[in-house]
Amino acid sequence: LGSEHRDTLSSMSQLALIWNDEGRYPEAEKLNREALEMARRVLGPEDSVTRIITQHLAIDLAYEGKYPDAEKTFRELLEMDRRRLGPDHPDVLADMGNLAATLQQEQKLAEAEKLYLDVNQTKRRVLGPEHPDTLITMGNLALVLSSEKRYADSEKMFRETLEIKRRRLGPEHRSTLVTMGNLADVLTAEGQYAEAEQLVRQTL
C-alpha cells in the first residue's frame, strides 16, 4: 500500500492508540504526529482519516498532561467538525466534551462550564434527558460547578443525575455509586454531614 496510503496512516494511528493504552504516551504522540503530517499533506486537513488522527493526537497530549497543546488540537478539531457536520452532530458534541474536560484540567472553569452547558442542552434535546451520554455530561457539569464552589447548583445537578441513574441503572450500578460519592463530597462541602455519611455508607 505504501507509507502514505490512507489505510497505512489509519493503522499507524490505531497502533498509537494501543501504545496510549499501554502508557507509552511519548511514543504514541510521536507516531500520531508523523501520521498527521502525512495525512494533512496527502489526504487533506478535513479527510475522515485526518480527523481521527487529530483526535487521537489530542487525546495523547491530554494523557501526557500537555493540556495547552491538547486544548489547541481539540479546538482545531471542533472548528473543523462544526464546519463540516453542523452543531448537533455527535462528533461535534464529543469534541466539545473533550475540550471542556481539558479546560477543566487547566482550571479554566468558566469556559468549561459553558461548553458543558451547551453540550448538555443539545444532548437533552437530541438524545433525551435520560440518555447515558446526557448523564455523563450532567455529571461532568456538576463537577465543574463544585470546583467553582457553586455547591448548591452542583448538588441540584448531582441529585437529578442520581435519581435517573437509580431508576434506570439500579442502586448498585458502578455509575450510580460514583454519583452518590460525588454528591456526598458536595454535601460535605456544604456542611450536610449526616446525609453525606449516609450516602457514603451506601457505597460501601
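Count the closed holes in this predicted model and you get one cavity of 30 Å³ or more. A cavity here is a set of points on a 1 Å grid over the protein atoms alone where a 1.4 Å probe fits but cannot get out. Points are joined across faces, edges and corners, and a volume is the space filled by probe spheres set on them. The largest cavity comes to about 30 Å³, and its walls are S10, S13, Q14, V49, I52, I53 and H56. Both α1 (6-21) and α3 give two or more residues to that lining, with α3 providing the largest share, four residues. Lining residues are those with an atom within 4 Å of a point.

A word on ground rules: numbering starts from 1 along each chain as its sequence is written, and side-chain values use heavy atoms, with hydrogens and water left out. Since this is a predicted model, local features need pLDDT of at least 70 and side-chain atom pairs count only at pLDDT 80 or more, while totals for chains, interfaces and linings use all residues.

Now for the open spaces. A pocket is an open set of grid points with protein on both sides within 12 Å along at least five of seven lines. The table puts the two pockets and the cavity side by side; Ala, Val, Leu, Ile, Met, Phe, Trp, Tyr, Cys and Pro count as nonpolar, Asp, Glu, Lys and Arg as charged, and the others, Gly among them, as polar.

| Space | Volume | Lining by class |
|---|---|---|
| Largest pocket | about 220 Å³ | seven nonpolar, five polar, two charged residues |
| Second largest pocket | about 170 Å³ | six nonpolar, three polar, no charged residues |
| Largest cavity | about 30 Å³ | three nonpolar, four polar, no charged residues |

The largest pocket has 14 lining residues, and L135, I136, K165, S175 and T179 sit nearest its centre. Two or more residues each come from α7 (132-147), α8 (151-168) and α9 (174-189), and α7 gives the largest share with six residues.

The second largest pocket is lined by I59, A62, Y63, Y67, F74, N98, A101, T102 and Q105. Here α3 (48-63), α4 (67-85) and α5 (90-105) each chip in at least two residues, and the largest share, four residues, belongs to α5.

Back to I53, one of the cavity-lining residues. I53 is also among the residues with the most contacts inside the largest nonpolar core, along with L9, M96 and L199; that core has 46 residues. A nonpolar core is a set of buried Ala, Val, Leu, Ile, Met, Phe, Trp, Tyr and Cys residues joined through side-chain atoms within 4.5 Å. Leaving out residues up to four places away in sequence, I53 touches L9, S13, N32, A35, L36 and A39, where contact means heavy atoms within 4.5 Å.

What about G86, in the loop between α4 and α5? G86 counts as buried because its relative accessibility is 17%, and buried means under 20% relative accessible area (exposed is over 50%, partly exposed in between; 1.4 Å probe, protein chains only). Beyond its neighbours within four places in sequence, G86 is in contact with D81 and V92.

Zooming out, the protein has 10 helices and zero strands, taken as DSSP runs (H or I, at least four residues, for helices; E, at least two, for strands) numbered from the N terminus. The C-alpha trace spans about 65 × 35 × 30 Å along its principal axes, and 42% of the 204 residues are buried.
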